[in-house]
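Please open the structure in a viewer and keep the sequence panel visible. This tour proposes a series of selections and describes what each one shows.

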Amino acid sequence: HQLPFRDVEFHGLFMPKSIASPGRGILAIDESNATCGKRLASIGLDNTEGNRQTYRQLLLTTPGLGDYISGAILFEETLYQSTTDGKKFVDCLCDENIVPGIKVDKGLAPLPGSNNESWCQGLDGLASRSASYYKQGARFAKWRTVVSIPCGPSALADNGLVPIVEPEILLDGDHSIERTLEVADRVWAEVFYYLAENNVMLEGILLKPSMVTPGAEHKEKASPETIAKFTLHMLKRRVPPAVPGIMFLSGGQSEVEATLNLNAMNQTPNPWHVSFSYARALQNSVLKTWQGRPWNTEAAQKALLARAKANSLAQLGRYSA
Ligand code: 13P
């Protein structure tokens, strides 16, 4: 049998290809309620269901968003929400030709017996939850776990990797870019080993890796050209060209860094669609502009569109600061 997607049509296109379409990428707004609360707190808003809904409505009803965004990853609560006028968020997305997606892991928990590492939750009930999400309109799923370099990865954390895991190698730490490359090599080798063991149809998946960068506290910053070189090196070594799309997370990089690094990777031809699936690097200036004030909504939507367009150009290798 083949995993993970059997019904992969979306608007007449093979679904992963429709997400990995030129000049478009993924808007990740699948923050858990706790994480969304932190974003709202940064602009002085309480973490209520109403505020989360208002903020997600602002993002998902941005006119023209579908020009630059091909998929949106939602948190479970958002998948079932509607606009204040009663239009399902899923329908807002489909109207813009954006594929609705869902985060299916249930977040991180401490990994017992490890050196302070975390592991992801959510295999219990995954099949029935996935069926309900599909019914509600979701067409792709994200599964995230993390690997941390200062303490890991231990063999225990490595062996736990299962198909369709999206391992985020955390930016935290003062390690070099060479160390990140070593860890990324190991992690992706393991992921593709298990994908093959489980007969996963590679044409039907998308990857969401972190870029190969030095740790955030490393003494030297790397240029976009260096980051592109190391990251493409890792991809070429570990990721078969059958995988249609590489959708990078931003991982705490600034908005401009995330755009410049993506642009640098698209300066040379490569076998995949190398694009973005950013949360923070698409939302930071939206939040700052919005401040929770209804009269700032339009300006905040313009800020989202500006970031989305910059990353769209970067996907095509045509961005200049
Ligand atoms: P960041 O782009 O903020 O790292 O988030 C990516 C992510 O994993 C959310 O889906």
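The stops below lead from the sheet to the ligand and then to three pairs of helices. The model is a predicted one.

**First stop: the sheet**

Select the seven strands of the open sheet, whose order is S8-S5-S4-S3-S13-S12-S11. The pairing in this sheet is parallel. Which strands stand at the edges? They are S8 (140–142) and S11 (206–207); each has a single partner strand, so one side of each is left without a neighbour in the sheet.

Next, restrict the selection to strand S3, residues 25–29, and strand S13, residues 273–278. These two strands run parallel and are joined by two bridges. To see how they are aligned, display Leu27, which stands opposite Tyr278 in S13.

**Second stop: the ligand**

Now select the ligand and the 13 residues around it. Which of them come nearest? They are Ala28, Leu249, Ser250, Ala279 and Arg280. Colouring the shell by class will show six nonpolar, two polar and five charged residues.

**Third stop: helices H11 and H12**

Select residues 280–290 for helix H11 and residues 297–315 for helix H12. Their axes lie 8 Å apart, and the helices pack at an angle of about 165°. Because of this angle, H11 is roughly antiparallel to H12. The crossing of H11 past H12 is right-handed.

To display the contact, choose Leu282, Ser285, Val286, Thr289 and Trp290 on H11. On H12, add Thr297, Ala299, Ala300, Ala303, Leu304, Arg307 and Ala308. This contact between H11 and H12 consists of eight nonpolar, three polar and one charged residues.

**Fourth stop: helices H9 and H10**

Move to helix H9, residues 224–238, and helix H10, residues 255–265. How do their axes meet? The axes come within 8 Å and cross at roughly 60°; H9 and H10 are therefore oblique to each other. Their crossing is right-handed.

From H9, the contact takes in Pro224, Glu225, Ile227, Ala228, Thr231 and Leu232. From H10, Leu260, Asn261, Asn263, Ala264 and Met265 take part. By class, the contact of H9 with H10 comprises seven nonpolar, three polar and one charged residues.

**Fifth stop: helices H8 and H9**

Keep H9 selected and add helix H8, residues 177–197. The two helices pack at an angle of about 25°, with their axes 9 Å apart. H8 is therefore roughly parallel to H9. H8 passes H9 in a crossing that is right-handed.

Which residues make this contact? H8 supplies Ile177, Leu181, Ala184, Asp185, Trp188, Ala189 and Phe192, while H9 supplies Thr226, Phe230, His233, Met234, Arg237 and Arg238. The contact of H8 with H9 contains eight nonpolar, two polar and three charged residues.

Key: Residues are numbered from 1 along each chain as its sequence is written. This is a predicted model: local features need pLDDT of at least 70, side-chain atom pairs count only at pLDDT 80 or more; totals for chains, interfaces and linings use all residues. Axes are lines fitted to C-alpha atoms, for helices over the stretch in contact, and angles run from 0 to 180 degrees between N-to-C directions. Helices (H or I, at least four residues) and strands (E, at least two) are DSSP runs, numbered from the N terminus. Angles under 35 degrees count as roughly parallel, over 145 as roughly antiparallel, 65 to 115 as roughly perpendicular and the rest as oblique. A crossing is left-handed if the near helix is turned anticlockwise from the far one by less than a right angle, and right-handed if clockwise. Two residues are in contact if their C-beta atoms, placed from the backbone, lie within 7 Å. Ala, Val, Leu, Ile, Met, Phe, Trp, Tyr, Cys and Pro count as nonpolar, Asp, Glu, Lys and Arg as charged, and the others, Gly among them, as polar. A residue is near a molecule or strand if its C-beta atom, placed from the backbone, lies within 6 Å of it. Two strands pair if DSSP finds at least two bridges between them.
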